[in-house]
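Hi,

Here's the structure I promised to pass along. Have a look at it first, then read my notes underneath.

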Amino acid sequence: MKAMFLRWLVTGILGLGVIFTVSSEDIAKPEPKAATLTQEEIETILDTKFSEGKYSRRGADGCLRCHDDTSDKPATGIFDNIHGKSANLHGPMNDKQCEACHGPANNHARNPRKGQVREPMITFGPNSPVPAEKQNSVCLSCHQDAKRSTWHSSEHAFEGLSCASCHQLHQKDDPMMVAEMQADKCTDCHSRTKSDIHKRSRHPIIDGVMTCSSCHNPHQALNEASLNWSTVNNACYECHAEKRGPFLWEHEPVTEDCTSCHTPHGSVNKALLNKRLPMLCQECHRAPHANVAIPENDLRVRGGSCLNCHNQVHGSNHPRGQTLSY
């Protein structure tokens, strides 16, 4: 009897060991990865869908069943901006609605079978598997005008940016179209400029009085620094017309390039100057003073510095203005 009890005990212990071993193996076993598509497969599917042109009958109503305000990818905000207005005769809501940009829905709304993925559509933004060039081709099919005619050779295009890297269409306010928001979006990449526009001497960008696009056109590459004008000086003269000239007595750096003396986004020095006075003037004017020897620490070059006398530094029309003092 005792021997039989010991056999049962040993058998039970061995059985429990097998159970725990199997259970631990099941726990340690990794879960199967969800099915995914490569970028090439996604592009092939999208090309096929566009060639077949199987658009849905329900339009935006079908999309909003999933992409409502409770979704992690809500799309209802589009109805608060120009793209979602039916009064916009050239907008997507007067054509194929959501599918005008995202392509034919076809079977996208159907739940995928086990081991399969949902049929893809064109998505936008830096995290999209769709190449930026294809994303932009959708936008440029409507937004093709003089301001965007050279987009393909622009600095932003060469950097591989898509339109949706900056523009947001599924929300009420596109940050690039709101003065108070535009600079924040631009300086996400242009970090040095973000520092400059907060310095003591600056253009009123953070105040919403002007924007980055007041001077720059990010969609073109014809001009230096993507300016809206052919030269830096012409850009400055748009607001500072009194500096344009021509003057009877001109200051050469003024006619050549405003940035010889000024930094456009912001400076720790007054009047957006590259350096404090008189050091800025002395970069060019190193020779002794023409008529009188003035030591560097003389009161006449302190404070207002050279401008104490030469106050018409941008040019003068006075008959005696050769020294830019009148």
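Below is what came out of it, from the overall picture down to single residues.

Keep in mind that this is a predicted model, with local features needing pLDDT of at least 70 and side-chain atom pairs counting only at pLDDT 80 or more, while totals for chains, interfaces and linings use all residues. Residues are numbered from 1 along each chain as its sequence is written, and side-chain values use heavy atoms, with hydrogens and water left out.

On confidence: mean pLDDT (the predictor's confidence in each residue, from 0 to 100) is 84 for the protein, with 84% of residues at 70 or more. Residues 18–34 fall below 50, and that stretch makes 0 contacts (heavy atoms within 4.5 Å) beyond near neighbours in sequence.

Overall, there are 11 helices and 4 strands (DSSP runs: H or I of at least four residues, E of at least two, numbered from the N terminus). Of the 326 residues, 27% are buried (under 20% relative accessible area, 1.4 Å probe, protein chains only).

Now helix α5, residues 132–140: its buried residues are Ala 132, Gln 135, Asn 136, Val 138 and Leu 140, and they pack against α4 (98–102).

The largest nonpolar core (buried Ala, Val, Leu, Ile, Met, Phe, Trp, Tyr and Cys residues joined through side-chain atoms within 4.5 Å) has 7 members: Met 176, Ala 183, Cys 186, Ile 197, Ile 205, Met 210 and Cys 212. Setting aside neighbours within four places in sequence, Ala 183 touches Ile 197, Ile 205 and Cys 212.

Cheers

Note on methods. Buried < 20%, exposed > 50% of the residue type's maximum accessible area, 1.4 Å probe, protein only.
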